[in-house]
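The following paragraphs lead the reader through a structure, beginning with the packing of its helices and ending with individual residues. Please keep the sequence and the coordinates in view.

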Amino acid sequence: PQKSIKIMSQAAVVNATPQRPRPLTDEEPKIDAALKSFYSWWVATKQQQQQLRQKQQGNGTDNNDTAPWTPQIALSCLRCLSKAINAHIMAISYTKNDKDNKNDELRAKVERVWNEQASTPGIKITKVLGRTCLAVAWETELKKEVARMFLSESASKNNHEEHYILEFFTAFDRLLLLDPNNNDSDNNYNDSDAALIWSADQGQAELARRAAERQALAQKRMQEEKQQQAQQEQELPRIEEIT
């Protein structure tokens, strides 16, 4: 019994030992993979909108004169975004007096890791870091840098292309800052889109959830149609008796 108690005590000590946080370089997906996922999502979204617009124009219900959207616009935006991220160097702002602030501690870690990777020859930030680092850098100076690049890019375009470029930037900004794991409480559409891009499984669980949801809705509609048909069949003899 005494030996047993000793073993249990050792196990309790092991379980009580806090696990070391994973290195920021271990986070998945990497920025590069997430950018490709965002591009695919955005292209699919715009194609759906364009198909709906064409259908509405065919029915005479849409008077929007927006020029046709092309994937080349999104590809140009994607390259511009990736270039800005890889060229960015974070300014060192953390001091030892900031230890009590967890946000400052996280920023200090991100600054160190980001700048170490950025200064390593042959290393691209988009290949080695993930959402946590990008979100911290984005909220400090990177967002402003990218916005300036996008504005410069859109200045040489026509009004329609400028609209799509700014729309691309706004969508990326929104989905980056949403929590990709917070998508099952109220079925928020934007949250689920963030999961498609930034979740560790690159959206596989979210796609499965959507497929299951569509199947459940289809089954519900079939059940409602059967109930409605059964109700109509029950009412039919009464109508015949009256006539």
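At what angle do helix H6 (residues 131–155) and helix H7 (residues 159–177) pack, and how far apart are their axes? In this predicted model, the angle between H6 and H7 is about 175°, and their axes lie 11 Å apart. Since angles over 145 degrees count as roughly antiparallel, H6 is roughly antiparallel to H7. The H6 side of this contact includes Leu-134, Trp-138, Val-146, Phe-150 and Leu-151, which meet a set of H7 residues that includes Ile-165, Leu-166, Phe-168, Phe-169 and Phe-172. Charged residues take part as well, among them Arg-131, Glu-139 and Lys-143 in H6 and Glu-162 and Asp-173 in H7. By class, the contact comprises 14 nonpolar, one polar and six charged residues.

H6 also packs against helix H4 (residues 102–118), with the two axes coming within 10 Å and crossing at roughly 95°. Angles of 65 to 115 degrees count as roughly perpendicular, and H4 and H6 are therefore described in that way. From H4, the residues Leu-106, Arg-107, Val-110 and Trp-114 take part. Their partners in H6 include Thr-132, Cys-133, Val-136, Ala-137 and Leu-142. This contact of H4 with H6 divides into eight nonpolar residues, two polar and one charged.

These packings belong to a chain that has nine helices and zero strands. Of its 243 residues, 31% count as buried. Among contacts between residues at least 6 apart in sequence, 65% join residues at least 24 apart. The chain exposes about 16,400 Å², of which carbon and sulfur atoms supply 50%.

Phe-168, in helix H7, offers a view of such contacts at a single residue. Phe-168 is buried, its relative accessible area being 0%. Beyond its neighbours within four places in sequence, Phe-168 is in contact with Phe-38, Trp-42, Ala-74, Cys-77, Leu-78, Leu-81 and Phe-150. For one of these partners, Cys-77, the separation from Phe-168 is 91 residues in sequence but 7.3 Å in space, C-alpha to C-alpha.

Cys-77 leads to the matter of disulfides, of which a search of the whole structure finds zero. Why is Cys-77 not bonded to Cys-80? The closest cysteine sulfur to that of Cys-77 is in Cys-80, and the distance of 7.1 Å is too far for a bond, because a disulfide requires sulfur atoms within 2.5 Å. Both residues fall under the 20% limit for burial: Cys-77 is buried at 3% relative accessibility, and Cys-80 is buried at 11%.

Gln-72 gives an example of an exposed residue. It lies in helix H3 (residues 71–87), and Gln-72 is exposed, with a relative accessible area of 56%. Gln-72 and Val-43 are 29 residues apart in sequence, and their C-alpha atoms are 9.8 Å apart in space.

The remaining feature concerns the backbone. Most peptide bonds are trans. The bond that joins Glu-28 and Pro-29, however, is cis, with omega about 0°. Pro-29 is found in the loop between helix H1 (2–16) and helix H2 (31–59).

How values were computed:
Residues are numbered from 1 along each chain as its sequence is written. This is a predicted model: local features need pLDDT of at least 70, side-chain atom pairs count only at pLDDT 80 or more; totals for chains, interfaces and linings use all residues. Side-chain values use heavy atoms; hydrogens and water are left out. Helices (H or I, at least four residues) and strands (E, at least two) are DSSP runs, numbered from the N terminus. Buried means under 20% relative accessible area, exposed over 50%, partly exposed in between (1.4 Å probe, protein chains only). Contact means heavy atoms within 4.5 Å. Accessible areas come from the Shrake-Rupley method with a 1.4 Å probe; for residues, only the protein chains shown count as cover. Axes are lines fitted to C-alpha atoms, for helices over the stretch in contact, and angles run from 0 to 180 degrees between N-to-C directions. Angles under 35 degrees count as roughly parallel, over 145 as roughly antiparallel, 65 to 115 as roughly perpendicular and the rest as oblique. Ala, Val, Leu, Ile, Met, Phe, Trp, Tyr, Cys and Pro count as nonpolar, Asp, Glu, Lys and Arg as charged, and the others, Gly among them, as polar.
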